[in-house]
Amino acid sequence: MNCPFEKIYPSELVRDAVYFMTHAYNEAINAWNKDEVPIGAVIEHKGQIIGSAHNLSRSTNDPTAHAEILAISQAANSLGDWRLNDCALYVTKEPCPMCSGALVIARIGKVFYGLPDEKMGCVGGAVDLGALPRSNHHFESTGGVLEELNHGLLKAFFEEKRRLNAEKKAAELPES
């Protein structure tokens, strides 16, 4: 199932939240093209992307293969240190409990996300693991970066999945 959305190539001159989120969005398109839930993430350190990934849970049969987890591993390898204090994560959808916990453990400095998740988001949606009062690490989080773009991508993916599933079920019905 090929993604109908086009990648965006931002100017290299302004490396702000929109710039890095655009790269995360492009990773989400890569996920769609692999029939994965289209969520992408990048980790930035001193203006450079040092980790970049998209969901791979379905193709690897690994429930931990979320974009954030994979990007954290890449960033830690790039820095040669598991502590990512001076780094920022940009992810197209608010991180889940597992990914938010990994961000606390990795000591991420900041988190920027596109689409909030009031049911499972854990950097401000359902709960905020980055601000637990007794935690030994806290990080700032900012939501809504390219929210409409990221929401449109996820919504279209699941609409297409539902349409394909309905067609499959209809084809399996015996003719009367």
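Is Val111 buried or exposed? In this predicted model, Val111 is buried, with a relative accessible area of 0%. The residue belongs to strand 4. Leaving aside neighbours within four places in sequence, Val111 is in contact with Leu89, Pro95, Leu103, Val123, Phe139, Glu140, Ser141 and Thr142. Cys87 precedes it by a stretch of chain: the two residues are 24 apart in sequence, and their C-alpha atoms are separated by 8.9 Å.

Strand 4 is part of an open sheet of 5 strands. The strand order is 2-1-3-4-5, and the pairing is mixed. Strand 2 (48–54) and strand 5 stand at the edges. Each has a single partner strand, so one side of each is left without a neighbour in the sheet. From one strand to the next, the twist averages 15°. In general, strands of a sheet pair through backbone hydrogen bonds, either parallel or antiparallel.

Strand 1 (residues 40–45) pairs with strand 3 (residues 87–93). The two run antiparallel and are joined by 5 bridges. Within this pair, Ile43 has Leu89 of strand 3 as its bridge partner. Leu89 is also among the residues in contact with Val111. Strand 1 is joined to strand 2 as well, by 6 bridges, and these strands run antiparallel. Here Gly40 stands opposite His54 in strand 2. Strand 1 and strand 2 form a hairpin, with 2 residues between them. Lys46 lies in the turn and has a positive phi of about 55°.

Helix 3 (residues 67–79) lies across strand 1, strand 2 and strand 3. The helix runs at about 145° to strand 2. Helix 3 carries Glu68, which UniProt lists under "active site" in an unreviewed entry. Glu68 counts as buried because its relative accessibility is 4%, and the cut-off for buried is under 20%. Not counting residues up to four places away in sequence, Glu68 touches Ala41, Leu89, Val91, Lys93, Pro95 and Cys99. Two of these, Leu89 and Pro95, are listed among the contacts of Val111 too.

A second residue, Asp117, touches Lys93 as well. Asp117 is found in the loop between strand 4 (110–115) and strand 5 (140–142). Its relative accessible area is 13%, and Asp117 is buried. Beyond four places in sequence, Asp117 touches Lys93, Glu94, Gly125 and Ala126.

Two helix pairs were examined. Two packed helices are described by the angle between their axes and the distance between the axes. The axes of helix 3 and helix 4 (residues 97–105) come within 9 Å and cross at roughly 25°. Angles under 35 degrees count as roughly parallel, and helix 3 and helix 4 are therefore roughly parallel to each other. Their crossing is left-handed. Helix 3 contributes Glu68, Ile69 and Ile72 to the contact, and helix 4 contributes Met98, Cys99, Ala102 and Leu103. Glu68 thus appears both in the UniProt "active site" record and in this helix contact.

The axes of helix 1 (residues 17–33) and helix 5 (residues 147–172) come within 11 Å and cross at roughly 5°. That makes helix 1 roughly parallel to helix 5. On the helix 1 side, the contact is made by Met21, Tyr25, Ala28, Ile29 and Trp32. On the helix 5 side, Leu149, Asn150, Leu153, Ala156 and Phe157 take part.

Methods:
Residues numbered from 1 in each chain as written. Predicted model: local features only at pLDDT ≥ 70, side-chain atom pairs only at ≥ 80, totals over all residues. Heavy atoms only, no water. UniProt positions renumbered as here; feature names shortened; annotations may be inferred. Helix = DSSP H or I, 4+ residues; strand = E, 2+ residues; numbered from the N terminus. Buried < 20%, exposed > 50% of the residue type's maximum accessible area, 1.4 Å probe, protein only. Contact = heavy atoms within 4.5 Å. Pairing = 2+ DSSP bridges. Axes fitted to C-alpha atoms, helices over the stretch in contact; angles between N-to-C directions. Parallel < 35°, antiparallel > 145°, perpendicular 65-115°, else oblique. Left-handed = near helix turned anticlockwise from the far one by under 90°.
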